[in-house]
Amino acid sequence: MKLVMVGNGMAGVRTLEELLKLAPDLYDITVFGAEPHANYNRILLSPVLAGEMTLEDIMLNDVGWYRDNGIRLHLGKKVVKIDRIARKVIASDGTEAEYDRVLLATGSNPFILPIPGADLEGVLTYRDIADTNAMIEAAAKYKHAVVIGGGLLGLEAANGLKARGMNVTVVHLPDWLMERQLDRTAADMLQKSLEAKGLQFLLKTETSEILGGADGRVKAVRFKDGSELVADLVVMAVGIRPNTELAESAGLYCKGGIVVSDTMQTYDPKIYAVGECAAHRGVAYGLVAPLFEMGKVCANHLAHLGIGRYEGSILSTKLKVTGIDLFSAGDFIGNGETEDIVLHDAVGGVYKKLVIRDDRIVGGIMVGDTADGSWYLQLLRDRQDIHDIRDHLMFGQGHLGNSGHQGRSNAAAMSDAMEVCGCNGVCKGAIVRAIKEKGLFSLDDVRKHTKASSSCGSCTGLVEQILASTVGGAYQPAESKTKPVCGCTDHSHEDVRRMIREHKLLSIPEVIKFMEWRTPNGCASCRPALNYYLLSTWPREAADDPQSRYINERAHANIQKDGSYSVVPRMWGGSTSAAELRRIADVVDKYKIPTVKLTGGQRVDLLGVKKQDLPAVWRDLGMPSGHAYAKALRTVKTCVGSEWCRFGVQDSTNMGIALEKDLWRMCAPHKVKLAVSGCPRNCAEATIKDVGVIGVDSGWEIYVAGNGGIKAEVAQFLCKVKTEAEVLEYAGAFLQLYREEGRYLDRTVHYVARAGLDYIKQRVVDDGENRKALYARLQYALSGEKDPWQERAAGVARHEFELLEV
Amino acid sequence: MGTVAERLVVVKWVRACRVEDIPRLGARVVKSAQGDIAVFRNAEDEVFALADKCPHKGGPLSQGIVFGRKVACPLHNWNIQLEDGCAVAPDVGCARRYPVRVEAAVVFLQISPA
């Protein structure tokens, strides 16, 4: 089949990239581009103008890319006709190309004010490389620039010209700058900070004429009130219009753009349109982010995988002016049905406004501090209920508890040399450079190329900020509710769980076949998740697949950097005995184990054990597995409690032992840690555990969803109960709910943040029958689980531990 | 220039194991004079052999998750191609590859000094 693409910009090429990923051999592809350049990153023209980057820096696909992918590329050739009868496109120089499918990506044209003098020399628009070069040349020769239009593009142009030494005045017709993205307060703050950089503004000012000199070049701008301003360069940035000329001449229906369906098809189903030229559900988008989403859907359809639908985008904007932090998204003005939450520190230069409807964020503006922009946008796109977090919503996601990046939560304030990712040693400058040089747009891309935030993930927020401030509004956080499990599929975690449950799928090959995975046997990301979903949905029925488990869970020990393993035997509630300690000491001697260490969970860690020794070590220890290697119940940490402690009001040690005996062998989406304290002094630090139990004189308080690791998070109060049996039932029911609904690799803190504590209380505390049912399901699942160490000590999975020799 | 016999490369195949000794989508470690060799078997029962050392930080590739014709290193999740031992882009580096021959469901390796 023959595919012809008209227009060689970001939207079109991105669609081709997606298509080549899905169906590399389906089409014979021809591309026509009116510009003489291959595909470049249009959103980075502003940094080029400002002298912060060069044109070479912003090339996305050079000519070699087209050649390597077998694409015929016609540069500098404008297509003037689509012959839909003969199914061919014709360029102005007579070049023809036959097609089975056409992809229109003709972009948009800058709007030119219909005023006298608009065609004078020195009057430019701001759209492409040629415009940018013309401005750079003019800035070298002339002094006075007037930018007509105080929108995003106009301000970036003004900033760039100022940086190149020109005296710049921005002329704007509405009452305040960027009126389509900002309210008046935010716009006033923006104007002040731009004035501080030396820009001048004329608001509520209408241009009536551009005056030329004897040499035919612009010399001044005249306004409606008759006043004039000297200018030897005028840049018009008053908006764009979808370029529909070709489509209209071919008889395709256009209204505010080339009208397309949710599959990006025009009224002629053989012809697709993506990007700024397309009008989808009455909207033509002028920003980059929606173009990527359109490209994905369009490529899907072109590849004959009719599963994607484009349903519109929520827009967000970031101004790419160095030193100015500005963010805007969604409905930022609101109406009678919305409420505003506003934080305004005029002296400190911070303004934040969130617009809320029915407990959901529908829009917002941030000036001065945009650190949490990505988080708000995520909440907005997910339609997340913010009722529970409303009182501290304004203060952001709070990276306060995070470690590994010097407590920083604001990327803009960091220098290039500062370390962002403490796991992989990546500094801010390296991330910015990779984003620019490699043309990265998504968090995943940045992780792949720089490794930043790819290990523990605690610096994800910072990396997102750096990405957002480098590429501006082109960065859109993925909608987390429908986030695909991995690159092998477009299905979300929730879809997969539902299908496994509703269709009683019992093995990974069944899921992969039923849900049409793109890969024959998944990948290292999805297989462990699928294995967990199968086992947690159909305990005692689904088949465990050891080859889909991460090595620690397959070997039942923790792999270390030198390939040896560590062994942590279970010590119920942190209690042990002389006999156990003696056996441990003997094992250490017999197997020459180099390091013995106490863990944070009140156990003993034997480090540096050879893999082939593991089954014998387990046999000699004669203690149950501590599951220190598993996404499962780890430990129940306890304080001494009322048996010995003069302050203790409850027997926390025995409560902890009872919990651990009740819950051990329990697999979960991620590791699970418990603690029990015998009085409110809380020596067991129960308030940073997945489930924390604190004894009080009249019973036990239960806290859930705490976390002490990557992100310190205090557990939230669930309920208070009287008896030990109730503690077991409530804790077990909460954990079962998490096991059934949490996404693989979510800790309880993530799960509860998404589900909401109110929901958890309703299911576990208020609904007694449901609680009992949850607890019963957990008991059923656990009753099928054996101690993996004793099984292996007796010879199970021997091949895992034996070496072959030649 | 030496004698013809000196210039002849002696191709020596050694028996490693049976195909069925390697779990599908898994690996076994073969101890050899050249160091540990990871012998992989994928879903199609193809067998591959690589030095059991990730080009990144030396992680034991034999312990990784096998999918398609790749293995994910257990230490930092680099993806390594089983046919040639090279890391999937953008990561760069290769683990040494050893030729494999399967005859009558028996795996033979060619282990010569590097």
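In this predicted model, the largest nonpolar core holds 140 residues. The residues with the most contacts inside this core are A:Leu104, A:Val147, A:Leu190, A:Val234, A:Val235, A:Ile258 and A:Val274. Helix H8 of chain A, residues 288-302, gives the most to the core, with nine residues. Two domains of chain A each supply at least three residues to this core. They are domain 1 (2-108 + 242-302) and domain 2 (123-238). In soluble globular proteins, nonpolar side chains tend to be buried together.

One core residue, A:Leu190, was examined for its contacts. Leaving aside residues up to four places away in sequence, A:Leu190 touches A:Leu177, A:Met178, A:Leu182, A:Ile324, A:Leu326 and A:Val367. A second core is separate and has 119 residues. Among them are A:Tyr550, A:Ala684 and A:Trp789, together with B:Cys54 from chain B.

The overall form of chain A was considered next. Chain A contains 25 helices and 39 strands. Its C-alpha atoms fill a box of roughly 105 × 60 × 50 Å along the principal axes. The radius of gyration of chain A is 31 Å, which agrees with the value near 28 Å for a compact globule of 806 residues. Of these 806 residues, 48% are buried. Contacts between residues at least 6 apart in sequence were also counted in chain A, and 62% of them join residues at least 24 apart.

One hairpin of chain A serves as a local example. Strands E15 (residues 207-212) and E16 (residues 218-223) run antiparallel and are joined by five bridges. A:Leu211 has A:Ala220 in E16(A) as its bridge partner. Five residues lie between the two strands of the hairpin. In the turn, A:Gly216 has a positive phi of about 85 degrees.

Technical notes: Residues are numbered from 1 along each chain as its sequence is written. Chains are lettered from A and ligands numbered from 1 in the order in which they are written. This is a predicted model: local features need pLDDT of at least 70, side-chain atom pairs count only at pLDDT 80 or more; totals for chains, interfaces and linings use all residues. Two strands pair if DSSP finds at least two bridges between them. Helices (H or I, at least four residues) and strands (E, at least two) are DSSP runs, numbered from the N terminus. The radius of gyration is taken over C-alpha atoms; the globule rule is 2.2 Å times the number of residues to the power 0.38. A residue is buried if 20 or more other C-beta atoms lie within 10 Å of its own, exposed if 12 or fewer, and partly exposed in between; C-beta atoms are placed from the backbone. Two residues are in contact if their C-beta atoms, placed from the backbone, lie within 7 Å. A nonpolar core is a set of buried Ala, Val, Leu, Ile, Met, Phe, Trp, Tyr and Cys residues joined through C-beta atoms within 7 Å. Domain bounds come from an automatic or database domain assignment.
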